[in-house]
Structures are given as structure tokens and as C-alpha cells.
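Me: I would like to learn how to read a protein model feature by feature, beginning with the way strands sit beside each other. Could we go through it slowly, with the general idea before each case?

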Amino acid sequence: MSFALHQKEDTIIALATPQGVGAIAVIRLSGKDAIKLTNEVFKGKDLEKQASHTIHFGTIRDGEKIIDEVLVSLFIAPKSFTKENVVEISTHGSSYIVNQVLKLLIRKGARPAKPGEFTQRAFLNGQFDLAQAEAVADLIHSDSEASHQAALSQMRGGFSNEISRLRAELIHFASMIELELDFTEEDVEFASRDDLRTLVEALLKVVELLIGSFDLGNVIKNGVPTVIAGKPNAGKSTLLNALLNEEKAIVSDIAGTTRDFIEDEINIGGVIFRFIDTAGLRETTDVIEAIGVSRTQEKMKTASLILYLFDLTDTSMVEIHRDVNKLENLGVPFLKVANKIDKAAPAILEELQRTYKDTIFISAGQKENLDDLKRRILELVNLDKFKTGNTIVTNIRHYDSLNKTRESLIDVLTGLDNEVTNDFLAMDIRRSLHYLGEITGEITTDDLLANIFSKFCIGK
């Protein structure tokens, strides 16, 4: 981490608000000289004599030339986001003004910040751990109530507290085992093997619960890939348009109009669903349409949810039975959605209600029963654990470390079963601690930090 520590001595600067013309723009500086450098170009109160968490009106000047009237907010170390001196300059939103202020302060000695460097400094200065730092990026990119809630919970330490508690319990036993290694000739036991087994089994249960929560966490963070599948002219494009409330997909009476898949996002009950309108499933001699059908089948295999849509006026019970059997063999959760109830014969409605009681009856063209469809879609995304405040894993890096932790804990149990020597037992415990420490940042490398923070916005 020597390079990162060396870079910490610089005062960094970046635009903290989005690029482009707006009412205001906020330029952020962080570092020991942030206030001093700003004071050199600010005409107003002496910023170096002002208290933390105060705002001051004045002008930014390049020599005698006034660049803009501004508000300067001061956050004096350690009472700031980065725990360093931080200055935020609110200028008018002109790109010209922003560039002039940035260039002026860079000439005075500030350095342009790298992506995520403000948050990286906050982590390096102990403001929060690595999992919480990653949650900052998730919070910025959250686009639904559920993803916002998950990121906020993680940023405030929900997940980190769980991991730290597990690690603290394991550290105690690791130290006892290490102590025994110093007294091998005396044959003493500082750590009860039965107590260690009980602890490791308890830890495994928690780790496996966290691993199991990743499917839900991934859905919350990235949205639910939902494929609308069925025969040509079943009304798939009409349904997509009705759900989106816009004419996204081409609707035609000609079978096979949709040759490729069309994708868009819909927020249902605070969860983002990525709906994919696909080419109709049928045998075809049309080369282009055949490619679309093949892609539909691939999309169905990787979906989290399939809406099997069929036309009540043009589909027999034999076809429905055949398609339902295929979907059951696919192993992906699906809903049976019967379309065009406004035109359906009473006989097929009765038979469907008798055979498949969970069928959802809609009219995509008339937008009838769409709220019922949305409710049933939402029920398949089990948010109960999330809503009761349970910790949810949303980050693939954390998921990977938890899996490695699980493997190491299983090795500890295997070692206890085989009565391995203390040095091997200690090694497996240390591995478990290492992988748990990777999550919160107690174990880091420059490459890991560079990879994580490179995905952040510049200015955050």
C-alpha cells in the first residue's frame, strides 16, 4: 500500500457534481493543504481562521480577474468525509467557470483526483471499512427502493458488523491455538476442541445464510431478468408496451414481427425488473426468425423469471400442457399468463381454472388485470428476508470471499474430525480469518483497492 500512502500526501481536486451545464456545480478538494490553497484564490473571509462546518460567500480570483462568485464550505480534519481538510466550492454551473476554477487550483498545487479517490481516502483514514466504502458506489447507482435500502444498510455497517462479529469470535480461538503451539512440550490445551467445533458449526450456518442471500441481493442490485415467452402473436410485445406505458416494441398481426429481443426496465414495488420481449417460439424456415427463436431459448435458460404468455383464442390445452412441461424441465420460475380474456371462449377459461389454478388471466391490449400480474411477479421475488432487516449480500467480491471462508471452515471441521496437529488447525483458521478480512478491508492489496475504487465516479 506504499504507493497509495504516498499519494495520500497530495491535495486532490475534482468536480463532485455531474458534468454539463446546470444551476450550480460543486468542486471538492481534500488534503492537508485544501483550505490553504483555496484561501489563496478566495476573496472574502480568511478561510484559515474559520471554524469547521461553516459556509462563506466571496469570489474566486485569478490575480485581479474575478472568475465567479461562490460559496465555500469548510470541513476541518478529522470532521470530514475523508477525515482530511475538505473544501467544497459551489460555483455557477457553467462548464467554462468550472474549468477555470479547476485549472487555477491545480496551478496552485492541487492534483486531479482519480476515480473513487475521496472514498478511498476515507477508507484508508479509518472513516469506514471496505465493504462500507463499496456501498457508497452502490448507493450512488441505486435506482430502486430495494437497491437503495440494501446499499444504505451496508454503508451504515449492517453487513460489516455481521462479518466483524464472526471474525472476532474466530480470532479468540485462533489465538488460543497459536498459544498452544508455544507449549507443545507441556501438552496443555488452551482451546477446547468441542467449543471450537461448536463455534465453527455456528459460523458455518451464518456464512451459508449470507451466501444463500446473494441470489436475492443480486436481484435487488441488478434487477430481475424476466423473459416474456410464447408463440408468435401471443401478445408479448403488446404486454411489454402495456407494462412500460409506451410503444417500445412493434405490434403487428403478422406472426414473427419480433426477430430479436427487446429489453427495458420496470420498477414494480420498489424492485427493478428487466423485461425482455423475445421472438415467438415456433418452428420456422425463415433464417432470421430462426436465429431470434434460438436466442429466445438461450435467454430463457438464463432468466430469473419467465412469463409464459399464450393467446386464449389461438392455443389448445394440448399446446399449453406441452409448453408447461418444457418450462418445468427448464427449472426457471415461471408464471402462466393467459392473454385476451376479453375474446376467450368460456370453455377454455373454465378448463384452465380447473387444470392450472395459478393461471393469471389478462388482456394486454385492454390493459386488464395487469396489477394482478405485477403482484404475482413481485411475490416470486422473495423480499421477506430483506424487509425484516436480515443482512443481504449484494457484492460478487463478498460472495466469493464468503465461499472461500466456508471452504476454510469446513477444513477446520475436517481437521478436528481427523485430529490433525495444531499447526494445520491454526493454518485453516488463519485462512478463514484472511477471507473474512478481505471483505471488510483488514486484508488488502494495492491491486484490490485499485480495482474497487476505479469503478467509482471521479469526485466521489
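**Reading strands, helices and a cavity**

Reply: Let us start with one pair of residues: Ile12 in β1 has Ser30 in β2 as its bridge partner. This is a predicted model, so please read each value as computed from the prediction. The general idea is that strands of a sheet pair through backbone hydrogen bonds, in either a parallel or an antiparallel way. In this structure β1 and β2 pair in the antiparallel sense, over 4 bridges, and the hairpin that they form has 6 residues between the strands, where Gly20 takes a positive phi near 115°.

Me: Which strand does β2 pair with over 8 bridges, and in which sense?

Reply: That strand is β6, and the sense is antiparallel; within this pairing, Arg28 has Glu88 of β6 as its bridge partner.

Me: How many strands form the sheet, and in what order do they lie?

Reply: There are 7 strands, and they form an open sheet with mixed pairing, in the order β3-β4-β5-β6-β2-β1-β7. The edge strands are β3 (42-43) and β7 (111-112), each of which pairs on one side only. Further along the order, 9 bridges join β4 (residues 54-62) to β5 (residues 65-75), and these two strands run antiparallel, with Asp62 opposite Lys65 in β5.

Me: Which residues in the loop between β5 and β6 should I look at for backbone geometry?

Reply: The general idea is that most residues other than glycine have a negative phi, and that most peptide bonds are trans. In this loop you will find Pro78, which is joined to Ala77 by a cis peptide bond with omega of about 0°. The loop also holds Lys83, a residue that has a positive phi of about 65° although it is not a glycine.

Me: Where does helix α4 lie with respect to the strands?

Reply: Helix α4 (residues 117-124) lies across β1, β2 and β7, and the helix runs at about 135° to β1.

Me: And at what angle do α2 and α3 pack?

Reply: Helix α2 (residues 34-41) and helix α3 (residues 95-108) pack at an angle of about 115°, with their axes 10 Å apart, and their crossing is right-handed. On the α2 side the contact is made by Leu37, Thr38, Glu40 and Val41, while α3 contributes Leu104, Leu105 and Lys108. Sorted by class, this contact has 4 nonpolar, 1 polar and 2 charged residues.

Me: How many cavities of 30 Å³ or more are counted, and what lines the largest cavity?

Reply: The general idea here is that a cavity is a space where a 1.4 Å probe fits but cannot get out. The count comes to 1 cavity of 30 Å³ or more, and about 40 Å³ of space lies in the largest cavity. Its lining consists of Lys231, Ala234, Tyr308, Leu309, Phe310, Asp311, Thr315 and Asp323. Strand β11 (residues 305-311) gives the largest share of that lining, with 4 residues, and by class the lining has 4 nonpolar, 1 polar and 3 charged residues.

Conventions. Residues numbered from 1 in each chain as written. Predicted model: local features only at pLDDT ≥ 70, side-chain atom pairs only at ≥ 80, totals over all residues. Heavy atoms only, no water. Pairing = 2+ DSSP bridges. Contact = heavy atoms within 4.5 Å. Axes fitted to C-alpha atoms, helices over the stretch in contact; angles between N-to-C directions. Left-handed = near helix turned anticlockwise from the far one by under 90°. Nonpolar A, V, L, I, M, F, W, Y, C, P; charged D, E, K, R; others polar. 1 Å grid on protein atoms, 1.4 Å probe; cavity = no way out; pocket = protein on both sides within 12 Å on 5 of 7 lines; lining within 4 Å. Points joined across faces, edges and corners; volume = space filled by probe spheres on them.
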